[in-house]
Amino acid sequence: MIPRTIFEPEHELFRDSVRKFLEKEAVPFHAEWEKAGQIDRELWRKAGEQGFLCPTVAEEYGGVGVDFRYNAIVDEEVARLGLTGIGFGLHSDIVAPYIEHYGSEEQKHKYLPQMISGDMVTAIAMTEPAAGSDLQGVKTSAVLDGDEYIINGSKTFITNGQQADLVIVVCKTDPAAGAKGTSLLLVEADTPGFSKGSNLEKIGMKAQDTSELFFQDVRVPKANLLGKEGMGFAYLMQELPQERLSVGLNAVANAEAALEWTTTYVKERRAFGKPVAELQNTRFKLAEVATEISVSRTFVDRCLELHIQGKLDVPTAAQVKYWCTDMQCKVMDECLQLHGGYGYMLEYPIARAWADARVQRIYAGTNEIMKEIISRSML
Ligand SMILES: Cc1cc2nc3c(=O)[nH]c(=O)nc-3n(C[C@H](O)[C@H](O)[C@H](O)COP(=O)(O)OP(=O)(O)OC[C@H]3O[C@@H](n4cnc5c(N)ncnc54)[C@H](O)[C@@H]3O)c2cc1C
């Protein structure tokens, strides 16, 4: 195996504390949370106390101002343990940067400390029932009326949707202006007219509260505009590479875990008088899976390094998202096959991971959209 060179000893100490925390506070309860359709809200506060939320946020807003490697560690440990209900990545890697990069001083001081402590859970609502890949087709409107915007519309598939206290809502402030008419508005969950719809039933990620959100004449102060009016689309394009890198990191860590579970399983399981591990097909499959993971690991770590240096470009981020999630789904399938019928039983982590992995090729921009982005940069 190629050693990982991107992390320093202090990162490994942090990783150790994240892993111990998750093993104690999340692993024993995740199956219960899957039944409940969401994680325990208290986990957010416990993680906040430990400094695991939004570690990159600057000290003046209550953060520790470290680089993205710390977020990567939290993402990887959550993925390695198959804790797919935990939406820390969305909160720390995706929402916090929008507020830190485009928010006013007032917004940053108001929201970031609560996000870091876990007192406030966040979400970002781009997708609508009739607009997912085609974000320019967003219909949710925000009309200025004096000092307030009035928001109308609906969103769907929103991660952390039930638990969110604050949502970044992608709206049209000027529907005639296309992408340039898109703006981002901050909506607090107790704002009149804002309601949470059903916690959607999914084939995997059962403990994740992916939800519908509704906006009916929701009035928010003009001061809730994030950044400048009409710049929403540009901000999304700017921030999406980090989201896609997070998905790639998660995919590789989860595939590594699946390989570990499978290696253990095939050594124990016997067929035709010997361990399944001694069958040539098993050995070759494991060799193939290990090699595919190594290739992806090397690529994603290089992308992480580039990102820390501020050099991860949009097409490369699209490549890492597409490549690593395709690899993850392929690995899950091969590993499930090597478990035989037990691989189909939800009691086994591989069965849940197989179902959980499927969405990775869909959200954060589908892998087809990733290929569009990559090819656009080539032609
Ligand atoms: C579990 C889960 C969590 C999610 N979390 C969030 C969240 O927190 N916030 C949020 O805003 N959204 C979230 N999403 C939504 C997700 O980002 C969208 O589902 C995704 O972008 C695809 O949009 P769509 O579902 O409308 O599919 P569509 O856009 O309708 O796509 C249907 C098919 O057409 C293909 N397609 C579309 N356009 C093209 C094209 N130009 N070229 C080639 N093929 C194309 C797609 O790849 C896909 O295969 C989540 C989704 C899920 C399932």
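**Reading a predicted model: a strand, a ligand shell and a domain contact**

Q: Let's start small. Where is the place of Val143?

A: Val143 sits in strand β2, which covers residues 141-145. Keep in mind as we go that this is a predicted model.

Q: Which residues does Val143 touch, leaving out those up to four places away in sequence?

A: With those set aside, Val143 touches Glu148, Tyr149 and Ile150. You can also compare sequence with space: Val143 and Asp174 are 31 residues apart in sequence, and their C-alpha atoms are 8.3 Å apart.

Q: Now the whole chain. Into which domains is the chain divided?

A: There are three entries to find: domain 1 (9-120), domain 2 (123-229) and domain 3 (233-378). Taken over C-alpha atoms, the centres of domain 1 and domain 3 are 22 Å apart. Their contact involves 17 residues of domain 1 and 21 residues of domain 3.

Q: How much area do domain 1 and domain 3 bury between them?

A: The general idea comes first. Interface size is often quoted as the accessible area lost when the parts come together. Here, domain 1 and domain 3 bury about 1700 Å² between them, with 60% of it on carbon and sulfur atoms. On the domain 1 side, Phe68, Arg80 and Tyr102 lose the most area to domain 3, and together they make up 34% of what that side buries.

Q: On to the ligand. Which residues come nearest to the ligand?

A: The shell has 18 residues, and Thr127, Ser133, Phe157, Thr366 and Glu368 come nearest. By class, the shell has 10 nonpolar, six polar and two charged residues.

Q: Which elements each supply at least two residues of that shell?

A: Look at β1 (122-125), β3 (148-158) and α11 (367-376). At the domain level, domain 2 and domain 3 each give at least three residues to the shell.

Q: Which atoms of Met126, Thr127 and Phe157 should I look at beside the ligand?

A: For Met126, pick a backbone N or O atom, 2.8 Å from an oxygen atom of the ligand. For Thr127, turn to the side chain, where an N or O atom is 2.6 Å from a ligand nitrogen. For Phe157, return to the backbone: an N or O atom there lies 2.8 Å from a nitrogen atom of the ligand. As for cover, the ligand taken alone exposes 970 Å², and the protein buries 64% of that.

Methods: Residues are numbered from 1 along each chain as its sequence is written. This is a predicted model: local features need pLDDT of at least 70, side-chain atom pairs count only at pLDDT 80 or more; totals for chains, interfaces and linings use all residues. Side-chain values use heavy atoms; hydrogens and water are left out. A residue is near a molecule or strand if one of its heavy atoms lies within 4 Å of it. A polar contact is a pair of N or O atoms within 3.5 Å; within protein, one must be able to donate a hydrogen and the other to accept it, and residues adjacent in sequence count only if both atoms are side-chain atoms. Accessible areas come from the Shrake-Rupley method with a 1.4 Å probe; for residues, only the protein chains shown count as cover. Helices (H or I, at least four residues) and strands (E, at least two) are DSSP runs, numbered from the N terminus. Ala, Val, Leu, Ile, Met, Phe, Trp, Tyr, Cys and Pro count as nonpolar, Asp, Glu, Lys and Arg as charged, and the others, Gly among them, as polar. Domain bounds come from an automatic or database domain assignment. Contact means heavy atoms within 4.5 Å. Buried area is the accessible area (1.4 Å probe) that two parts lose on being put together, summed over both.
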